[in-house]
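Please read this briefing alongside the sequence and the structure shown below. It deals in turn with a nonpolar core, a pair of helices and a loop residue.

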Amino acid sequence: MKKIAFEWYAIVEGCFLVALGFFFLQSSSLLIGGTGGLAAITNNLYEISLGTWFFLINLPFFVIALKQMGKSFTFKSIVSIALVSVLSDALSSMIVIDVIPLWLAAIIAGGLMGIGLLLVFRNGASLGGVNILALYLEKHYGIHTGKVIFIIDMIILTLAFQVYSVEQVLYSVIASLVLTSVIGRYHKKAPISQLQPKPDRLKSRFKSFRLFSK
């Protein structure tokens, strides 16, 4: 029970940091890659709220998560995305930043979101979309999460030229670089892939048990 409570506390903490990162990006008219970036681009075209678009865009990816990553992972991820969506909109309505240098906003946002994602990852959840895909590829193919996120982020930031200025996109790239560098430095292995022992380890343990029991 204590372990479960600690996991959820860490997930909530991570979601708050990611939402705070979104706030700095939104206040500076910057964006990040992944589904957050798609949400920002879509919100510029059809304005509702960043949090609402973030939640809606992530919905289709839960089908993949449910089939490939399990019910517990999917449930935690749905709750995490809902939290980030609500907190992002709440922070935007409660706090106003009139002036902040774009480079500073990019660094702060990238750092906050990187640390937040790490907390979410390490406790068996994700923030949907690209993160679910990244954890899936790491689990099944051993491709590092940070590399997957970075590549897809660059694709989405390229699409951003349709609605953002060159300066905004360039500073958004800085935010993505900071985020992925944090994940790449501190994220060694997705916990979801550690929940199931490898087949060869299972065999060796079974053999050891048989030898011991004779």
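The largest nonpolar core, meaning a set of buried Ala, Val, Leu, Ile, Met, Phe, Trp, Tyr and Cys residues joined through side-chain atoms within 4.5 Å, has 55 residues, and those with the most contacts inside it are Phe22, Leu25 and Leu127. Helix H1 gives the most to this core, with 10 residues. This is a predicted model, in which local features need pLDDT of at least 70 and side-chain atom pairs count only at pLDDT 80 or more, whereas totals for chains, interfaces and linings use all residues. Residues are numbered from 1 along each chain as its sequence is written, and side-chain values use heavy atoms, with hydrogens and water left out.

**Core residue Phe22**
- Leaving aside its neighbours within four places in sequence, Phe22 is in contact (heavy atoms within 4.5 Å) with Ile32, Gly36, Leu50, Phe54, Val84, Ser88 and Met113.

**Helices H1 and H5**
- The axes of H1 (residues 2-27) and H5 (residues 71-94), which are lines fitted to C-alpha atoms over the stretch in contact, come within 8 Å and cross at roughly 40°.
- Residues of H1, including Trp8, Phe16 and Phe23, meet residues of H5, among them Phe75, Leu83 and Leu91.
- The residues of this contact between H1 and H5 divide into 16 nonpolar, four polar and two charged.

**Loop residue Gln162**
- Gln162 lies in the loop between helix H8 (145-159) and helix H9 (166-186), and is exposed (over 50% relative accessible area, where buried means under 20%, with a 1.4 Å probe and protein chains only), at 69%.
- Although Gln162 and Ile41 are 121 residues apart in sequence, they are 8.7 Å apart in space, C-alpha to C-alpha.

Key. Axes fitted to C-alpha atoms, helices over the stretch in contact; angles between N-to-C directions. Helix = DSSP H or I, 4+ residues; strand = E, 2+ residues; numbered from the N terminus. Nonpolar A, V, L, I, M, F, W, Y, C, P; charged D, E, K, R; others polar.
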